[in-house]
Amino acid sequence: MENHNIYSLRSEVNTVHLLAAKQKQVCSRTALHWHDCCELELVLHGQGTHIINGHHYTIGPGDLYGFTPADCHMIIADEPIEVLGIMFGEELISDEIFAHMLTHEMTGSDLRISLEQDRYPIVKQYFSIIIQETSRLADSSLAEAYIGRLIDCILIELLRSMGETALPRVKQT
């Protein structure tokens, strides 16, 4: 179940940045990896461990993760894990939001939370709209701006909650 919508977006200064929206299933494990762009992931179903920058976290439905190009991560599934993911160039989001992401990174905090029950359907809807809007990018000059603001909204949810509902690390065995 891996669906990818990948687009290169050309900005007004004629630079290209990436936007990829996907739904994937991890049945065993992903390789340890990083990206040359930012990434957001929302866990829909399943259980496992997410290793981010050497830290181990238990993951399950409602967990939201954010990554910058400085992050290495991998997923180890205890059972199949279904994830919605968005990969994007930092140019797509507001400078203020990106600065907040980098501030958390500089403190050694991994960008991850377990969404409150009432926030989960809202964030899931943002992801769904972004995935739908990627098919409209060729037809609408507003789609890129809309997607960028929705990503900002997801990141605001993540950054606001960082101090309140941070996910505990799992002891390595």
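This passage walks through the overall make-up of the protein and then through its salt bridges.

The structure is a predicted model. Its fold combines three helices with nine strands. Read from the N terminus, the order of these elements is β-β-β-β-β-β-β-β-α-β-α-α. The protein has 173 residues, and 50% of them count as buried. Contacts across the sequence add to this picture: among those between residues at least 6 apart, 73% join residues at least 24 apart. The surface that the protein exposes comes to about 8,900 Å², with 51% of it supplied by carbon and sulfur atoms.

Against this background, the charged side chains make a helpful next stop. Side chains of opposite charge can pair when their charged atoms come close. In this model, four salt bridges are found. Three of them are described here, beginning with a pair between strands.

The side chains of K22 and E39 form a salt bridge, with a distance of 3.7 Å from N to O. K22 belongs to strand β2 (residues 16–26) and E39 to strand β3 (residues 38–45), so this pair ties together parts that are 17 residues apart in sequence. Both partners fall under the 20% limit for buried residues: K22 has a relative accessible area of 8%, and E39 has one of 1%.

A salt bridge also joins the side chains of R119 and E157, at 2.3 Å from N to O. Here R119 sits in the loop between β9 (111–114) and α2 (120–133), while E157 is part of helix α3 (residues 143–161), so the pair links parts that lie 38 residues apart in sequence. The two partners can be described by their accessibility as well. R119 is partly exposed, at a relative accessible area of 28%, whereas E157 is buried, at 9%.

Helix α3 appears again in the salt bridge between the side chains of D152 and R149, where the N to O distance is 3.1 Å. Both residues lie within this helix, three residues apart, which is about one turn of the helix. D152 is buried, with a relative accessible area of 7%. Its partner R149 counts as partly exposed, at 41% relative accessibility.

Taken together, these pairs include a bridge between strands β2 and β3, a bridge from a loop to helix α3, and a bridge with both residues in helix α3.

Note on methods
Residues numbered from 1 in each chain as written. Predicted model: local features only at pLDDT ≥ 70, side-chain atom pairs only at ≥ 80, totals over all residues. Heavy atoms only, no water. Helix = DSSP H or I, 4+ residues; strand = E, 2+ residues; numbered from the N terminus. Buried < 20%, exposed > 50% of the residue type's maximum accessible area, 1.4 Å probe, protein only. Contact = heavy atoms within 4.5 Å. Areas by Shrake-Rupley, 256 points an atom, 1.4 Å probe, with all protein chains shown as cover.
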